[in-house]
Amino acid sequence: MWTFFIAVALLIGGYFIYSRVTEKIFAADYRLTPATKNPDGVDITPLPKWKSFLIELLNIAGTGPIFGAISGALFGPIVFLWIVFGCILGGAVHDYFSGMISSRNNGNSIVKLSAKYMGKIMEIVMRIFSVVLLILVTAVFVVSPSSLLESLTGGKVMAWIWMIIILAYYVLSAIVPIDKVIGRLYPVFGIVLIVMALAVIGGVIFQHNEYPMIEIIDNFRDFSASNGGLPWWPFMLTTVACGAVSGFHATQSPMIAKCIKSEKEGRQVFYGAMVAEGIIALIWAAAAMAFYKVDTADGWEALSAIGGSSTSVEQISSTLLGPVGTVLAVIGVVICPITSGDTALRSCRLIIAEWLKIDQKSIKNRLLLTLPIFAAVVGISIWNFLDVGNFNLLWRWFAWSNQVLAAASLWVSSIYLLKESNNKYKSLFTAIPAFIMTDVVITYIFGEPNIALGIFIPIWVAYIIGSSISLIIFGFYLFVLLRRKPTK
């Protein structure tokens with residue numbers, strides 16, 4: 001139990017200390033933000049800070065810190081280290097810079113920021129990854145809540161009917177002004193997500209004799225390696241994205257960057273929401289390890305069989321909390337995926353609108369862009385629905401492309417600091433986590449044995465390739481850094 005509480009304390013301490021360092025590195029001031037400078041009443045709308053925080057939390061969270069953290073429990077308590085230090089030094093920094101750089105550029109998306117700071121080639125790469133990632137997010141979070149709702153209604157309302165209802169909501173949420181649906185519902189859902197997590201960890205604590213938490217001091221090892229699974233590097237770092245480092249957040253932070261009323265709100269809204277998500281991830285990882293007793297062979301196999309699915313969420317919640325837990329699980333597994341899907345669709349619309357330079361004040365223009373994206377989502381959702389096994393395939397590709405976007409976003413932040421900061425060496429603040437995430441995604445694509453080149457390449461070769469390419473990229477960055485003249 002002490003491992004969990006120390007991890008939570010480190011995250012909270014990281015917020016109070018490292019968030020201020022991050023804010024100082026960025027040099028936040030009191031200049032006008034998009035919401036105060038040029039609101040449009042649709043996407044650029046001033047919101048109260050507390051509402052911006054809760055919307056940002058739900059935008060970036062959804063089921064990510066639930067499903068991913070439960071799957072991450074298969075690696076044992078070392079997953080706490082990734083959640084804590086990944087979040088403080090990487091993920092929260094990533095989210096803060098993604099939001100704040102966007103705010104200073106009129107709420108522009110990560111794609112447009114890539115073009116400005118890294119050139120046209122990077123813009124093309126980021127546009128492809130952003131659009132593909134957002135379509136995947138929208139699609140993967142349609143089938144799972146639809147199937148659960150069919151089960152809850154005893155099969156009286158078929159899953160395909162629920163899919164139609166959810167997809168219709170996606171379109172509505174993506175085209176109406178942000179303060180009409182998202183601004184009103186998300187703060188409530190954000191509170192529900194927090195209450196759900198606190199209730200679960202409370203259930204573990206009060207039943208610790210039956211479900212003892214696993215301490216890292218006694219189990220400082222990779223559980224997956226001892227059970228024939230994939231090694232923690234790089235697979236734990238892609239499995240647990242939300243709650244640690246997630247590129248998807250770079251597509252969401254600019255949405256709220258259009259709504260904050262002061263740059264000084266950024267630390268609480270962007271860095272703070274990520275730390276809150278990290279705490280939620282810690283809770284679910286701890287609960288999964290205790291509930292399934294993953295330090296035993298049988299427990300590890302039981303969790304491995306279902307992973308971070310709606311089944312594991314329902315089992316943990318209903319057993320620990322009874323009928324109340326069942327209700328909370330349903331809310332989490334149904335509402336949270338939907339709230340990730342609708343904002344993903346909205347972000348995708350905004351990115352394409354930037355690309356094609358189509359004004360979004362007109363609802364006709366918003367529909368014009370939303371419907372083709374929606375058609376792609378429907379196609380993938382039907383393919384997923386016809387074969388549930390496709391969900392695992394989609395999720396693995398989503399996990400990898402998600403972290404590719406995270407690495408790219410951190411490089412964008414590094415170039416921003418290199419060009420705009422009064423001290424070029426401040427750019428190492430984001431360049432070091434960018435280097436780490438670059439190594440992760442390159443090693444993953446060469447080492448993943450199920451969907452990537454790991455089918456043909458031993459993992460040790462993937463380690464060498466990943467490290468070599470990453471060091472070359474980082475070395476080139478250092479070369480540019482040292483040659484650049486200091487900013488006056």
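Which helix does Pro-234 lie in?

**View 1. The cis peptide bond before Pro-234.** Pro-234 lies in helix 11, which covers residues 232-239. Helices here are DSSP runs of H or I with at least four residues, strands are runs of E with at least two, and both are numbered from the N terminus. The peptide bond that leads from Trp-233 to Pro-234 is cis, and its omega is near 5°. The model is predicted, so local features need pLDDT of at least 70 and side-chain atom pairs count only at pLDDT 80 or more, while totals for chains, interfaces and linings use all residues. Residues are numbered from 1 along each chain as its sequence is written, and side-chain values use heavy atoms, with hydrogens and water left out.

**View 2. A nonpolar patch on the surface.** Trp-2, Phe-5, Ile-6, Leu-10, Leu-81, Phe-85, Leu-89 and Phe-220 make a nonpolar surface patch of about 850 Å². Patches are made of residues with over 30% relative accessible area and no salt bridge; like charges are joined within 9 Å, and nonpolar side chains (Val, Leu, Ile, Met, Phe, Trp, Tyr) within 5 Å. Accessible areas come from the Shrake-Rupley method with a 1.4 Å probe, and for residues only the protein chains shown count as cover. Helix 1 (2-26) and helix 5 (79-103) each supply at least two residues of the patch. Helix 1 gives the most, with 4 residues. Leu-89 lies in helix 5 and counts as partly exposed, because its relative accessibility is 39%. Buried means under 20% relative accessible area, exposed means over 50%, and partly exposed is in between (1.4 Å probe, protein chains only).

**View 3. Two lysines with positive phi.** Lys-293 has phi near 50°, a positive value in a residue other than glycine. Lys-293 is found in the loop between helix 13 (266-292) and helix 14 (297-306), and is partly exposed, with a relative accessible area of 32%. For Lys-357, also not a glycine, phi is positive and near 55°. The loop that holds Lys-357 runs between helix 15 (310-356) and helix 16 (363-386). Lys-357 is exposed, with a relative accessible area of 73%.

**View 4. The salt bridge of Asp-43 and Arg-349.** Side chains of opposite charge can pair when their charged atoms come close. A salt bridge is counted when a side-chain nitrogen of Lys or Arg is within 4 Å of a carboxyl oxygen of Asp or Glu. The whole structure has 9 salt bridges. In one of them, the side chains of Asp-43 and Arg-349 meet at 3.0 Å, N to O. Asp-43 lies in the loop between helix 2 (34-37) and helix 3 (49-60) and Arg-349 lies in helix 15, so the pair ties together parts that are 306 residues apart in sequence. Both Asp-43 and Arg-349 are buried.

**View 5. Glu-123 and its partners Lys-120 and Arg-127.** Lys-120 forms a salt bridge with Glu-123, with the closest N and O atoms 3.3 Å apart. The two residues lie in helix 7 (residues 120-152), 3 residues apart, which is about one turn of the helix. Arg-127 also forms a salt bridge with Glu-123, with the closest N and O atoms 2.7 Å apart. Arg-127 and Glu-123 are 4 residues apart in helix 7, so about one helical turn separates them. Lys-120 is exposed at 61% relative accessibility, whereas Glu-123 is buried at 10%. Arg-127 is buried, with a relative accessible area of 12%.
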